[in-house]
Amino acid sequence: MSNLSESLAEETVTAFRAELDDAVIGQIGEHQFERLRLLVAEAVASALGHAAEQLDDLARTLRSQGEAGTLDIEL
C-alpha cells in the first residue's frame, strides 16, 4: 500500500477515536483499531487504483482520438 493510503487510514482512525469516550475505546481495543486502519487503507488503495485506471483509460482515448484526428476540443 502507498504512503498516501496509510496516511489517510491513520488520519481516519485517529479522527474516529477522537469521537469516542475512553470507556468505548477500551472496549473496542487496539487490535480492532488496527484492523480498522487496515480496512480503511485497503479501501483507499482500491479507490486510488480505480481512479488511476480511469485516468489511464481517458489518456488512451484522448491519445487515440488525437492520432485519428477526431479529437474536437475548443479552446
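User: How accessible is Thr14, given as a relative accessible area?
Analyst: This is a predicted model, where local features need pLDDT of at least 70, side-chain atom pairs count only at pLDDT 80 or more, and totals for chains, interfaces and linings use all residues. Residues are numbered from 1 along each chain as its sequence is written, while side-chain values use heavy atoms, with hydrogens and water left out. Thr14 sits in helix H1; helices (H or I, at least four residues) and strands (E, at least two) are DSSP runs, numbered from the N terminus. It is partly exposed (buried means under 20% and exposed over 50%, with a 1.4 Å probe and protein chains only), at a relative accessible area of 45%.

User: How far apart in space are Thr14 and Phe33, C-alpha to C-alpha?
Analyst: Along the sequence, Thr14 and Phe33 are 19 residues apart. In space, their C-alpha to C-alpha distance is 9.2 Å.

User: Which residue lies over the face of Phe33?
Analyst: Here we look for a charge over a ring (NZ of Lys or CZ of Arg within 6 Å of the ring centre and within 35 degrees of the ring normal). The residue over Phe33 is 4.3 Å from the ring centre, and it is Arg17.

User: Arg17 also forms a salt bridge; which residue is its partner?
Analyst: A salt bridge is a side-chain nitrogen of Lys or Arg within 4 Å of a carboxyl oxygen of Asp or Glu, and in this one the closest N and O atoms are 2.9 Å apart. The partner lies in helix H3 and Arg17 in helix H1, so the pair ties together parts that are 13 residues apart in sequence. Arg17 is partly exposed at 25%, whereas the partner counts as exposed at 53% relative accessibility. That partner is Glu30.

User: How many salt bridges does a search of the whole structure find?
Analyst: We have just met one of them, between Arg17 and Glu30. Searching the whole structure gives a total of 5.

User: Glu6 meets another side chain in a salt bridge; which residue is it?
Analyst: The N to O distance in this pair is 2.4 Å. Glu6 lies in helix H1 (residues 3-18) and its partner in helix H3 (residues 30-68), so the contact ties together parts that are 31 residues apart in sequence. Glu6 is partly exposed, with a relative accessible area of 26%, while the partner is buried at 13%. The partner is Arg37.

User: How many residues apart are Asp57 and Arg60?
Analyst: Asp57 and Arg60 form a salt bridge, with the closest N and O atoms 2.5 Å apart. Asp57 is partly exposed at 39%, and Arg60 counts as partly exposed at 42%. Both lie in helix H3, and their spacing, about one turn of the helix, is 3 residues.

User: Which residues are joined into one network by salt bridges that share partners?
Analyst: We already know one bridge in this group, the one between Glu6 and Arg37. Salt bridges with shared partners make one network of Glu6, Glu34 and Arg37.

User: At about what angle do H1 and H3 pack?
Analyst: Two packed helices are described by the angle between their axes and the distance between the axes. Axes are lines fitted to C-alpha atoms, for helices over the stretch in contact, and angles run from 0 to 180 degrees between N-to-C directions. The axes of H1 and H3 are 8 Å apart, and the angle is about 135 degrees.

User: What does that angle make H1 relative to H3?
Analyst: Angles under 35 degrees count as roughly parallel, over 145 as roughly antiparallel, 65 to 115 as roughly perpendicular and the rest as oblique. By that scheme H1, relative to H3, is oblique.
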